[in-house]
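Visitor: I have a chain open and a few things to ask about it. Can we go through them one at a time?
Guide: Sure, go ahead.

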Amino acid sequence: MSGWDEGAVYYSNQAQFTEASSEAEAATASATASRHSVLLKFKEFIRNFEKEKNVFPYRESLVNNPKFLVIHLEDLLSFDSDLPSILRSSPSDYLPLFETAAAEVLAGLKMKVAGDSGEMVEPQTGEVQILLTSKEDSVSMRLLGAQYISKLVKISGITIAASRVKAKATYVQLICKNCKSPRTVPCRPGLGGAIVPRSCDHVPQPGEEPCPIDPWIVVPDRSKYVDQQTLKLQENPEDVPTGELPRNMLLSVDRHLVQTIVPGTRLTIMGIYSIFQAANTSTSHKGAVAVRQPYIRVVGMEETNEASSRGPATFTQEEVEEFKKFASNQDTYKVICSKVAPSIFGHDDVKKAIACLLFGGARKNLPDGVKLRGDINVLLLGDPSTAKSQFLKFVEKTAPIAVYTSGKGSSAAGLTASVIRDSSSREFYLEGGAMVLADGGVVCIDEFDKMRPEDRVAIHEAMEQQTISIAKAGITTVLNSRTSVLAAANPPSGRYDDLKTAQDNIDLQTTILSRFDLIFIVKDIRMYEQDKIIASHIIKVHASAQTASADNGPSKEENWLKRYIQYCRTVCHPRLSEAACAKLQSDYVDIRRGMRQQANETGEAAPIPITVRQLEAIIRLSEALAKMKLSHVATEGDVAEALRLFKVATMDAARSGINQHINITPDMANDIKQAENQIKRRLGIGNRISERRLMDDLTRMGMNESMVRRAILIMHQRGEVEYQRERHIIVRKI
């Protein structure tokens with residue numbers, strides 16, 4: 001029974017202000033009259049509002065769905081200009097009136113039915129829940145202050161937690177423990193409690209014991225209940241000012257809105273900004289009776305789809321024409337790639353891959369319920385200072401929805417979802433992580449190699465199946481995470497080492513590598529001409545940056561690209577043409593044959609496997625290239641470009657660093673053999689030595705350093721030695 005009397009205000013009916021009673025009665029009478037006239041207006045609106053001639057939307061929807069009725073405030077305004085303003089200013093008074101009006105209209109619209117005795121009786125109509133919706137702009141969560149209390153507000157955000165469903169009493173049945181007289185007390189909606197009177201109004205008979213103070217006992221079985229659930233709504237990640245923590249707001253939903261929302265959904269809600277007395281206030285606030293906590297009682301809710309999650313979803317006619325005109329140009333692809341990270345010099349193929357990632361392929365639902373992902377995942381692996389993090393930052397700014405995170409500061413729960421215990425109710429609830437918050441967008445993960453292996457395993461499912469399954473603390477659920485992943489990583493030794501094999505340079509598991517559609521190895525090549533051009537480009541960027549610092553907002557170009565990406569993702573879902581399918585099939589078979597041949601020659605498997613996932617990757621790239629041109633069919637040209645990108649990226653990474661074993665001259669082989677013998681003499685089985693020290697000792701004996709390195713690598717591949725402590729220590733096993 002706990003919870004009904006929380007935050008209650010106790011009072012007794014004392015005869016005060018008797019001289020002003022006549023004025024008060026007059027005021028009450030006029031208020032009643034105005035409430036009655038408002039009730040009639042509401043009934044008139046539901047019954048007689050016409051969208052077109054002889055089309056009565058609210059009347060029809062009420063008959064079809066008698067449980068709830070969605071009201072557009074714009075329609076209410078066009079019907080009567082006063083109704084929306086009184087609804088906005090005091091919604092908690094007039095919404096119950098609106099619901100009563102809807103129930104009465106519904107009773108009037110229904111036919112009489114035959115009762116038990118055969119007579120025609122009025123049909124039983126339940127309560128009708130009124131849900132409000134409006135096209136106005138939402139208010140920022142940070143601006144909600146005391147002036148909004150008890151007013152209608154509209155805010156948008158992302159749900160991060162949903163509690164279990166509770167039963168909330170609307171009418172509490174009380175019984176006096178002395179005289180057993182019953183009484184029904186209404187309960188305030190939302191998170192408020194019931195106001196229980198202090199005394200019983202039973203007049204005692206002569207010789208009967210009078211009722212004591214606080215005689216009431218709650219009878220739970222006879223009370224009336226509705227479903228209620230609390231949600232936690234957090235600001236959209238893109239609306240949070242830099243360096244600030246995102247704010248969140250408590251929402252209370254009831255009746256038909258219960259259990260319609262899972263964590264990670266983007267919402268726009270209409271609600272009444274209300275206050276409640278928190279049950280478990282801290283000791284410092286125990287005496288502060290007047291301090292209340294805000295929450296929003298939801299009276300209307302709409303899910304924001306992924307396309308319209310940022311900025312207006314509707315595109316003006318001029319914009320659409322401009323986009324179509326731009327897409328019909330011959331060099332659309334080239335222009336878009338030039339707009340990707342213009343401050344970074346070179347890296348043309350990486351820019352093309354990032355353009356494909358931003359546009360994405362087409363998501364497909366098969367007849368048997370299997371969903372195929374349309375999002376493209378890209379991994380940039382290479383030397384420091386090759387603008388990897390700059391690419392990630394650019395994507396974070398440009399993608400309609402994006403979350404940026406760094407590998408070392410991210411845990412598995414922070415990336416996927418965590419189960420948290422609520423401090424007040426002691427029950428568990430789910431809170432979505434970065435992959436859930438970026439649903440329908442891009443997750444940028446920097447320092448991907450620094451993540452702990454057990455955390456990296458957590459995003460396997462999110463990258464391929466695009467869901468996150470949770471089975472913790474009695475909560476078993478599946479969350480959506482339809483995101484692209486753009487990751488940047490360094491090789492284990494910091495720089496890309498050409499003397500090592502690709503396996504040693506790409507120190508990631510095969511399972512995660514096969515989930516990336518494109519893997520770029522970005523090297524810092526020292527070439528005089530190129531260095532000169534890069535230096536002049538960077539100096540120019542720094543020199544011209546002073547003029548741009550005046551306006552801090554996003555540039556027009558950037559905004560245009562974001563809108564174009566949004567438009568393409570909303571409108572265009574391309575498919576492969578027949579000719580493109582045939583070309584793709586033959587090319588994929590050729591690539592597999594080449595990889596098999598290479599494996600036979602070198603005697604070891606490729607570090608990056610070429611599997612069916614890679615075939616799907618090429619399909620997605622082809623679709624993304626078609627989407628850029630707003631074409632609904634991916635042609636042979638798109639497939640050829642997708643294959644070229646795939647070959648420059650993933651195929652080069654798969655081939656890199658392997659060829660050194662093929663063309664070894666007899667002299668080199670002899671040197672390597674000698675170095676192996678020396679290492680075996682220096683190191684007993686089970687002993688360990690620092691790699692640096694071993695290299696120094698052997699080079700002092702007159703051996704070539706690169707030959708010693710190769711000898712250690714070959715022994716490592718044969719399993720004779722193993723590395724420890726980030727490859728600083730060598731231990732002999734056999």
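Visitor: Which side chain meets that of E99 in a salt bridge?
Guide: That of R255, with 3.1 Å from N to O. Keep in mind that this is a predicted model.

Visitor: Where do E99 and R255 lie?
Guide: E99 is in helix α5, residues 91-109. R255 is in the loop between β9 (248-254) and β10 (266-276). They are 156 residues apart in sequence, so the salt bridge ties together separate parts of the chain.

Visitor: Is E99 buried or exposed?
Guide: E99 is buried, at 16% relative accessible area. R255 is partly exposed, at 23%.

Visitor: How many salt bridges does the structure hold?
Guide: It holds 17. One of the others to look at is R363 with D375, at 3.4 Å from N to O. That pair links distant parts of the chain, 12 residues apart. R363 sits in the loop between α8 (348-359) and β12 (364-365). D375 sits in the loop between β13 and β14 (378-382).

Visitor: And what is the relative accessibility of D375?
Guide: D375 has 2%, so it counts as buried. R363 is partly exposed, with 29%.

Visitor: Which residues are linked in a network of salt bridges?
Guide: R692, D696, E705 and R709. Within it, the side chains of R692 and E705 meet at 3.8 Å, N to O. R692 belongs to helix α22 (residues 691-700), and E705 to helix α23 (residues 705-718). The two residues are 13 apart in sequence.

Visitor: How open are those two? What are the values for R692 and E705?
Guide: R692 is partly exposed, at 45% relative accessibility. E705 is partly exposed too, at 33%.

Visitor: New topic: cysteines. How many disulfides are there?
Guide: Zero. Take C179: the nearest cysteine sulfur, in C176, is 3.6 Å away, and C179 is in no disulfide.

Visitor: Why does 3.6 Å not make a disulfide?
Guide: Because a disulfide here needs the two sulfur atoms within 2.5 Å. The 3.6 Å between the sulfurs of C179 and C176 is over that cut-off. C179 is also buried, with a relative accessible area of 18%.

Visitor: And C572? What is its closest cysteine sulfur?
Guide: The one in C568, 6.7 Å away, which is too far for a bond. C572 is buried, at 0% relative accessible area.

Visitor: Give me another buried residue. What does S622 contact beyond its sequence neighbours?
Guide: Leaving aside residues within four places in sequence, S622 contacts L576, A634, D638, V639 and A642. S622 lies in helix α19, residues 612-628. Its relative accessible area is 0%, so S622 is buried.

Visitor: Now Q234. Where is that one?
Guide: In strand β8, residues 216-234. Q234 counts as buried, with 13% relative accessibility. Beyond four places in sequence, its contacts include M141, I158, R247 and L437.

Visitor: What about the surface? Which residues form a nonpolar patch?
Guide: L366, V370 and L372 do, with about 200 Å² of accessible area together. L372 is in strand β13, residues 371-372. At 30% relative accessibility, L372 counts as partly exposed.

Visitor: Is K408 buried or exposed?
Guide: Exposed, at 63% relative accessibility. K408 is in the loop between β15 (402-406) and α10 (412-415).

Visitor: How far is K408 from D446 in space?
Guide: 8.7 Å, C-alpha to C-alpha. In sequence they are 38 residues apart.

Visitor: Last topic, confidence. What is the mean pLDDT?
Guide: It is 76 for the protein chain, and 82% of residues reach 70 or more. Residues 306-312 are below 50, and that stretch has 19 contacts in the model beyond near neighbours in sequence.

Visitor: How many contacts does the model have for residues 548-553, beyond four places in sequence?
Guide: Zero, and pLDDT stays under 50 there.

Visitor: What should I do with coordinates where pLDDT is low?
Guide: Where pLDDT is low, the predicted coordinates should not be read in detail.

Methods
Residues numbered from 1 in each chain as written. Predicted model: local features only at pLDDT ≥ 70, side-chain atom pairs only at ≥ 80, totals over all residues. Heavy atoms only, no water. Patch = residues over 30% accessible without salt bridge, like charges linked within 9 Å, V, L, I, M, F, W, Y side chains within 5 Å. Areas by Shrake-Rupley, 256 points an atom, 1.4 Å probe, with all protein chains shown as cover. Salt bridge = Lys/Arg side-chain N within 4 Å of Asp/Glu carboxyl O. Helix = DSSP H or I, 4+ residues; strand = E, 2+ residues; numbered from the N terminus. Buried < 20%, exposed > 50% of the residue type's maximum accessible area, 1.4 Å probe, protein only. pLDDT = per-residue confidence, 0-100. Contact = heavy atoms within 4.5 Å.
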